[in-house]
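Good morning, colleagues. Please take a moment to look at the sequence and the structure on the screen before I begin.

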Amino acid sequence: MQTRGARSLVSSPDQPRVRRAGDLTSVLGGALLLLWAVVNRERLDPLNRALADLVDVLPDWSLEPLSVVYSFGFVYGVVVLVLLLAGGRAHRDALRDVVVALALAATIGVVLVRLFHGVWPYVVPEIGITYPERQTPVFRIAVTTALLVAASPHLARPLRRLGWTIVGLAVLAGSGLGFGLPSDALGAVGVGLIAAGTTFLVLGAPSGLPDRAAIADAMHRLGAPVVDLRFPPSRSWGVRPVLATTTDGTPVLVKVYGRDATDQQLLAKLWRTLWYREERRTFTFSRLQSVQHEALVILWAARAGVPVPEVLTAGRANDEIALLAVTAGGTRLDRLPPEQLTDGLLEQLWGHVARLHGAGIAHGSLDASSVRVVDDRHQFHDLNAGTISATAADRARDVVELLFSTAALVGTDRAVAAARTGLGDDALVAALPYLQLPALDAATRARADDPKALLRELLGTLTEALDHDPPERVELRRLSPRTLVFAVLGILAALAIVPMGGGIDLASVTAELSGATWSWLLLAWVFGQAVFVTEATSMSFANTASVPFRPLIVLQIGAKFIGVATPGVTGTVAANAAFLSRFGVSRAASLTQATMDSVAGILVEVVVLILAFTFSDLDLGVDLADTDLALGRLALMLVLVVTAATLVVARIQKLKAPVVGFLATVWEAARAVVADPARALGLLGGNLATRVVRALVLWLALMALDQRLGLALVLVVVIATGILQAVVPVPGGIGVSEAVMTGFLVALGVPEAAAFAATVAYRFVVFYLPIAQGAVAMVWLTRHDYL
């Protein structure tokens, strides 16, 4: 029978500890909250003032209940500490985590309160304090948050939820009782996040996986009892592999997904799916879905006659554990002695790859470690990233990864010969465009001492054996000192030209910005970083190939640097084409898909402007009637140019074949995108989200200067500025954007100096600062062979 403490504490003493990305996020998020509190120590910004006004409306009779609520944090902390102490040696590490986090939060809190106010913080303000003074941060909230976050991996879910409820109520109560402003209370939450996150980054956080007894009980409940449970070394993230034996002596591998396994928390799973390449094909929202997915792929492969392990059980035994159990045994292919890696074994392996793909199944991570050899027969294991509706790209990635990993084991000649015999030349030719370093998983690349050299050798051997030309690669000019100098000179030119054009000197701009609320500007910069994600999202929907999201985001950052050197979208389209070519996308298709992203953006902008000017009385100070003649001339010129180009191509045979072939590829790529409504919606939605994020940056910059405009109006200003900027061939729109946006804001009633200051802040967030980020991103992309 379990005790109450056992039901409240769920961590086991022998589970592995990991350093999670979420802990770093806690530290960074806490630092932002604390910075906001420090910035507002001397004066209130509009957001803090609004929160303070919300607290001020509380009636006088609420002070006593607020005092009781505020005391809940102290009581909660005592209860958690008592539970951990009662847990004995089994929860000694948990107690250590909490004590370290409490000590760190208390130290930070004491130092800040002493530094800002010259007094000691209120530890137990309920005793002897009638008229408290404001303190930054609120000490009680800081230590309560630190205790809750540090203890969370060890607590049952009801206790965790109760803890966060108490912290939220403490923020409200602390502000209402006068212990601090809302920013001080939220800054205290930031201190707690910093303390707990730092603790886990240094000591590691428990992965939230069940112990042997819980796993054995779960297997028994699912009707597959096992004995002799062992935990092999593993770097699997959030999933615990367990080796065991059935009652009749059959070796078993159990994949255990505990309730607190970080990989199965929805936001963490989403993050890894977008960020890491090994997660690119499978997205699940729960532990049970992950288990069921892999079991389905294994059963489907077995039905097609592919050698895979037998599924013994799969499901969720209780609220805490979901698991998949399959037969185990054998030796991994990459651990076989060289004399056992025979050509016959490799050819048989490739033959079963052909059968797997013929059934419409892709493995998803098919390298030498996922193949086990049992009595001169092989089996495919680890199908958690597999799919039963494989695309040509999925099949090609399987071929490339297995070909590369076997070449690392037996050499390129034997690896290619076995693949040709077992798989066939047609499948190898189809996979040839994917034989590039970015198309390989990190684990696959690590199998070679020099992955680039092995890849070059393998590519040469394969193209020679198949008598096929290497795949097309779009080359992009590498970074040069000339480009860096150009970027710096461009920024200096903007600082010199824009003030002259607007009739405003730098002194007036400095005066406006010195009176700005810097917490709003900091928030604008934070939100501005989201534009890289929205741009990557729209580009991912534009492409039919499977492209990892992390380098796609980095590419958008690098594009900010490229945009300084070339006007419009020319440089960006070229960079996108070079990037996509690394994933087997042809030159025409990559150029088309990258261009379609830009065209979708223009379409979104035009629709927004049409709606704005049609259904409102918006006036940006531009008389569109005077532009009718110019637009007519431009349309006539475009018609003449297109007609002349068509006649030239039709009469010159040397041009006709490549142009027609290019247009055919363009048409197929366009059909692939438009034919899928979800992809088209994602493409347009991603571009709209990009414009909204930029508008939010300008809106926050205006708020920092105490200027009020509706977000919809600001969106129109941003879009209209972008359209006019694209017409003028100035790199990055330097000078043009500043002048145009300032004019639009002035037309909407913003004072001239404030309009220009807001524009400068906006441009620094969305253009000038990302140039430096883009230079670093380009180095990363080049170093990792994405460009």
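**Salt bridges, cores and a bent helix**

Let me start with one pair of residues: Asp 706 and Arg 708 meet through their side chains in a salt bridge, at 3.0 Å from N to O. By salt bridge I mean a side-chain nitrogen of Lys or Arg within 4 Å of a carboxyl oxygen of Asp or Glu. Asp 706 counts as exposed, at 53% relative accessibility, and Arg 708 is partly exposed, with a relative accessible area of 49%. Those words have fixed limits: buried is under 20% relative accessible area, exposed is over 50%, and partly exposed is in between, with a 1.4 Å probe and protein chains only.

I should state early what we are looking at. This is a predicted model, in which local features need pLDDT of at least 70 and side-chain atom pairs count only at pLDDT 80 or more, while totals for chains, interfaces and linings use all residues. Residues are numbered from 1 along each chain as its sequence is written, and side-chain values use heavy atoms, with hydrogens and water left out.

The predictor's confidence in each residue, pLDDT, runs from 0 to 100. Its mean for the protein is 75, and 69% of the residues reach 70 or more. Two stretches deserve caution. Over residues 1-6 pLDDT stays under 50, and the model has 2 contacts there beyond four places in sequence. Over residues 473-502 pLDDT also stays under 50, and for this stretch the model has 48 such contacts. Contact here means heavy atoms within 4.5 Å.

Now the overall picture. The protein has 30 helices and 10 strands; these are DSSP runs numbered from the N terminus, helices being H or I of at least four residues and strands E of at least two. Of the 787 residues in the protein, 48% are buried. Among contacts between residues at least 6 apart in sequence, 74% join residues at least 24 apart.

Let me return to the opening pair and look at the residue between them in number. Where does Gln 707 lie? Gln 707 is in the loop between α27 (677-704) and α28 (711-727). Gln 707 is buried, with a relative accessible area of 19%. Residues up to four places away in sequence aside, Gln 707 touches Leu 702, Val 750, Pro 751 and Ala 754. Helix α27 also holds Leu 683, which counts as buried at 6% relative accessibility. The C-alpha atoms of Leu 683 and Thr 537 are separated by 7.6 Å, although the two are 146 residues apart along the chain.

How many salt bridges does a search of the whole structure find? The search finds 13. One of them joins the side chains of Asp 367 and Arg 447, at 3.1 Å from N to O. This pair links distant parts of the chain, 80 residues apart: Asp 367 is in the loop between α12 (343-358) and β9 (371-374), and Arg 447 is in the loop between α16 (442-445) and α17 (451-466). Asp 367 is buried at 6% relative accessible area, whereas Arg 447 is partly exposed at 26%.

I turn to the interior. A nonpolar core is a set of buried Ala, Val, Leu, Ile, Met, Phe, Trp, Tyr and Cys residues joined through side-chain atoms within 4.5 Å. The largest such core has 57 residues, of which Leu 333, Trp 350, Phe 380, Leu 403, Leu 428 and Leu 462 touch the most other members. Helix α13 (residues 392-410) gives the largest share of this core, 9 residues. Apart from it lies another core, of 43 residues, among them Tyr 122, Ile 141, Val 167 and Val 191.

Val 416, in helix α14 (residues 412-422), is buried, with a relative accessible area of 3%. Neighbours within four places in sequence aside, Val 416 is in contact with Leu 403, Leu 458, Thr 461, Leu 462 and Ala 465. The C-alpha atoms of Val 416 and Ala 465 are separated by 8.0 Å, the two being 49 residues apart along the chain.

I close with helix α30. Its 32 residues (752-783) should span 46 Å at 1.5 Å a residue, and its end C-alpha atoms are 45 Å apart, which agrees. The expected span is 1.5 Å times one less than the number of residues. At Phe 764, α30 bends by about 50 degrees, the bend being the angle between axes fitted to the seven residues ending there and the seven starting there. Just after α30, Asp 785 takes a positive phi of about 65 degrees.
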